[in-house]
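Trainee: I should like to examine how the descriptive terms applied to this model are justified. May we take the assignments in turn?

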Amino acid sequence: MSMTPYIVSLIKLSTENQVPILEAFKLSGVPTSTYYRAVKGAELKHTTAEKVEDAIYSLQKTSTSNGQLAENS
């Protein structure tokens, strides 16, 4: 049984939440070079993945809030 790499889970989560993965990396303070290394096969640390995951949810909430504001205008 193999575990899914963190980067695969993060890309899936960002896609489901309609959040650009690179924006999540930037917001989290994790260098985008870490994203590119992970895509090429380097493993992310658990703490790094958590930071990006938090950023995805934060961006998703911001996006949802902005969409609601636009609808109410």
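**Reasoning from values to terms**

Mentor: Let us begin where H1 is followed by Gln18, whose phi is positive, near 55°. Please bear in mind that the model is predicted.

Trainee: What makes the phi of Gln18 worth noting?

Mentor: Most residues other than glycine have a negative phi. Gln18 is a residue other than glycine, yet its phi is positive. Gln18 sits in the loop between helix H1 (6–16) and H2.

Trainee: Why is Gln18 called exposed?

Mentor: The relative accessible area of Gln18 is 71%, and exposed means over 50%; Gln18 therefore counts as exposed.

Trainee: Which residues of H1 are buried, and how do you know that they line one face of the helix?

Mentor: The buried residues of H1 are Ile7, Leu10, Leu13 and Ser14. Viewed down the axis of H1, these residues fall within an arc of 125°, so they line one face. The general background is that an α-helix has 3.6 residues a turn, so residues three or four places apart point the same way. Lys12, Thr15 and Glu16, on the other side of H1, are exposed.

Trainee: Why is Ser28 called buried?

Mentor: Ser28 has a relative accessibility of 18%, and the term buried applies under 20%; Ser28 therefore counts as buried. Ser28 belongs to helix H2 (residues 21–28). Neighbours within four places in sequence being left aside, Ser28 is in contact with Lys51, Val52 and Ala55.

Trainee: What makes Thr48 buried?

Mentor: The relative accessible area of Thr48 is 15%. Since buried means under 20%, Thr48 is classed as buried. Thr48 is located in helix H4 (residues 46–72), and its contacts, apart from neighbours within four places in sequence, are with Val30 and Thr34.

Trainee: How many aromatic pairs are there?

Mentor: The count comes to two aromatic pairs, for rings whose centres lie within 6.5 Å.

Trainee: Why is the pair of Phe25 and Tyr35 called edge-to-face?

Mentor: The ring centres of Phe25 and Tyr35 are 5.5 Å apart and their planes stand at 65°. Planes over 60 degrees apart count as edge-to-face, so the term applies to this pair. The pair links distant parts of the chain, with Phe25 in helix H2 and Tyr35 in helix H3 (residues 32–39), 10 residues apart. Both Phe25 and Tyr35 are buried.

Trainee: Why is the pair of Tyr35 and Tyr36 edge-to-face?

Mentor: For Tyr35 and Tyr36, the ring centres are 5.0 Å apart and the planes are at 70°. That angle is over 60 degrees, so this pair is edge-to-face. Ring pairs thus link Phe25, Tyr35 and Tyr36 into a cluster.

Trainee: Within that cluster, why is Tyr35 called buried, and why is Tyr36 called partly exposed?

Mentor: Tyr35 has a relative accessible area of 14%, and the cut-off for buried is under 20%; Tyr35 is therefore buried. Tyr36 has a relative accessible area of 44%. Partly exposed covers values between the 20% and 50% cut-offs, so Tyr36 is partly exposed.

Trainee: Which residues of H3 are buried, and what makes them lie on the same side?

Mentor: The buried residues of H3 are Thr34, Tyr35 and Ala38. They cover an arc of only 105° around the axis, and therefore lie on the same side of H3. Just after H3, Gly41 takes a positive phi of about 125°.

Conventions: Residues are numbered from 1 along each chain as its sequence is written. This is a predicted model: local features need pLDDT of at least 70, side-chain atom pairs count only at pLDDT 80 or more; totals for chains, interfaces and linings use all residues. Side-chain values use heavy atoms; hydrogens and water are left out. Helices (H or I, at least four residues) and strands (E, at least two) are DSSP runs, numbered from the N terminus. Buried means under 20% relative accessible area, exposed over 50%, partly exposed in between (1.4 Å probe, protein chains only). Contact means heavy atoms within 4.5 Å. Rings of Phe, Tyr and Trp (its six-membered ring) pair if their centres lie within 6.5 Å; planes under 30 degrees apart count as stacked, over 60 as edge-to-face and the rest as tilted. The arc is that of the directions from the helix axis to the C-beta atoms.
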